[in-house]
Amino acid sequence: MGRWICCLCSRAADPLMLLLVLALGCNPSTAAAAAAASPSVPHVKPSYSFGRTFLGLDKCNACIGTSICKKFFKEEIRFDTWLSSHLKLPPSSLLSYSGNYTDDAKSWRLVDITRLTSKYQHDRADKRICTSLLRTRSCSLEHALRRTQRFQKWLRAKRLTPDLVQGLSSPLLRCPSQRLLDRIVRRYAEVPDAGSIYMDHLTDRDKLRLLYTLAVNSHPILLQIFPDVEGWPFPRYLGSCGRLLVSASTRPLRDFFGATPEVAADLALQLLAVLRSMAANDLNYFFYFTHVDAGTFGVFSNGHLFIRDASTLGVIDKEEGSQPIEGQQEYKDIFSCLTVDCQSALVSCDSIRDQHSLVMVCQDLLPKLLSGKFLPAVQESIDAFLRRCARGLDDGGGASEAMAELAGILKPLRSCDSRFAYRYPDCRYSDKY
């Protein structure tokens, strides 16, 4: 017995050895051999602890959707902090995050994980919903929003019509045509594709999510209804979970303000091409910006420039015509005020000219991209154009003529080499590039 106790004490620090000692008697050599032959305990990979609060699932159905939640929970979407020494979720206070996405657990690609608005604005809007509708400090957001007059109209509606979106702050919906609204319903990616302009395939929950998204930020809706696979200059929409959306990753244009002359000229030409396609396209939609900054546009790893943030894009239907609603300026409800000041003035579609977006870009982006990059004679021509453009092209010319003028200056300045992967080697054989 003494020998057994002594052996047990000497092995007690090793749990596996302790079990073997008890099972085999205290024969050290036998126990050691058995321990060596036993399979090792597999190393458990640390995992993200995805809280419903971080994703915003606790606020659904006042959220974007749930189409990509499985990817998060299966860890097929990982934040960059996955590789850090202390695995943890990034701060919930950030507006966007860099991440990695996979379909096969072998190949990974970069994605942007973004909130519709800042957490502060989300929290402020949530509090406003409860205090305005239920007179309480906290509440079930879904319960509160379901009781509103607007959502009750959505529940009864068979088709999304202009009166259902009147007063919403999104530039997309300032002067909507029925054709544009039908496109939203037909291509809404958070539900199975029914290919129908009628809302019969949308549940009450789906309608609330669509209405909430349109009220807070129309960026994910624009990515869905004008997809990149059809040639539209937006990053690919991959899905949403709670209040986070996932899209293809781009670097903001601000990262390229110090680029070489060849890269700067190439990006400026691409920017002009995007503005042209937004003003004239096969679907006869005219897109205009209500605001641009250094994060509005982004660049993919292959050098291709896209619209990174579509939240400030308005759309005018040149084919069907816009349908301003009676009392549009005066109509206000809780959905009109979720992220903006209810007293803020709304932009009239009648005030938008074809040069509207070009002038904004000439004022805020092109000088930062093109200034001080080129030989004196060329630089003087570019600077003179930008000054004239920033004043509003008051020489009577239109946006098309102005963009053609600047493109004529910039085209000889760009080169054809592998740095521009999106157009190489095509540029060697085509005058298009």
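Me: Which cysteine forms a disulfide with cysteine 362, and how far apart are their sulfur atoms?

Reply: A disulfide is recognised from a pair of cysteine sulfur atoms within 2.5 Å. In this predicted model, cysteine 362 is joined to cysteine 389, with sulfur atoms 2.1 Å apart. The torsion about this S-S bond is 85°, and the link is right-handed.

Me: Which helices hold cysteine 362 and cysteine 389?

Reply: Cysteine 362 belongs to helix H14 (residues 356–364) and cysteine 389 to helix H16 (residues 376–390), so the disulfide ties together parts that are 27 residues apart in sequence.

Me: Are cysteine 362 and cysteine 389 buried or exposed?

Reply: The reading rests on relative accessible area: a residue under 20% is buried, one over 50% is exposed, and one in between is partly exposed. Cysteine 362 has 2% relative accessibility and therefore counts as buried. Cysteine 389, at 0%, counts as buried.

Me: How many disulfides does a search of the whole structure find?

Reply: The search finds five disulfides. Among them is the link between cysteine 60 and cysteine 63, with an S to S distance of 2.1 Å. The angle about its S-S bond is 110°, and this link is right-handed. Cysteine 63 counts as buried because its relative accessibility is 0%.

Me: What can be read from the disulfide of cysteine 416 and cysteine 427?

Reply: The sulfur atoms of cysteine 416 and cysteine 427 lie 1.9 Å apart. The torsion about their S-S bond is about 75°, so this disulfide is right-handed. Both cysteines lie in the segment after helix H17 (399–410), and the pair therefore ties together parts that are 11 residues apart in sequence. Cysteine 416 counts as partly exposed because its relative accessibility is 34%, whereas cysteine 427, at 11%, counts as buried.

Me: How should a sheet be read, and in what order do the three strands of the open sheet come?

Reply: Strands of a sheet pair through backbone hydrogen bonds, either parallel or antiparallel. Here the order is S6-S8-S9, with antiparallel pairing. Strand S6 (251–252) and strand S9 (305–307) are the edge strands, each of which pairs on one side only. Strand S8 (residues 297–299) is joined to S9 by three bridges. Within this pairing, phenylalanine 297 stands opposite isoleucine 307 in S9.

Me: Which strands does H13 touch as it packs on the sheet?

Reply: H13 touches S8 and S9, and the direction of the helix makes about 40° with that of S9.

Me: How many residues are in the largest nonpolar core?

Reply: A nonpolar core is traced by following buried residues that are joined through their side chains. The largest one here has 94 residues, and Leu358 and Leu366 have the most contacts inside this core. Helix H13 (residues 261–279) gives the most to this core, contributing 11 residues. Another core, of 16 residues, lies apart from the largest one and includes Leu55, Ile68, Tyr97 and Tyr101.

Me: Which residues does leucine 366 touch?

Reply: Leaving aside residues up to four places away in sequence, leucine 366 touches Ala268, Leu271, Val361, Ser371, Leu386 and Leu406.

Me: Where does serine 177 lie, and with which side chain does its own side chain make a polar contact?

Reply: Serine 177 is in the loop between helix H9 (162–165) and helix H10 (178–187). With a relative accessible area of 1%, serine 177 is buried. Its side chain makes a polar contact with the side chain of aspartate 317, at 2.7 Å.

Technical notes:
Residues are numbered from 1 along each chain as its sequence is written. This is a predicted model: local features need pLDDT of at least 70, side-chain atom pairs count only at pLDDT 80 or more; totals for chains, interfaces and linings use all residues. Side-chain values use heavy atoms; hydrogens and water are left out. A nonpolar core is a set of buried Ala, Val, Leu, Ile, Met, Phe, Trp, Tyr and Cys residues joined through side-chain atoms within 4.5 Å. Buried means under 20% relative accessible area, exposed over 50%, partly exposed in between (1.4 Å probe, protein chains only). Helices (H or I, at least four residues) and strands (E, at least two) are DSSP runs, numbered from the N terminus. Contact means heavy atoms within 4.5 Å. Two strands pair if DSSP finds at least two bridges between them. Axes are lines fitted to C-alpha atoms, for helices over the stretch in contact, and angles run from 0 to 180 degrees between N-to-C directions. A polar contact is a pair of N or O atoms within 3.5 Å; within protein, one must be able to donate a hydrogen and the other to accept it, and residues adjacent in sequence count only if both atoms are side-chain atoms.
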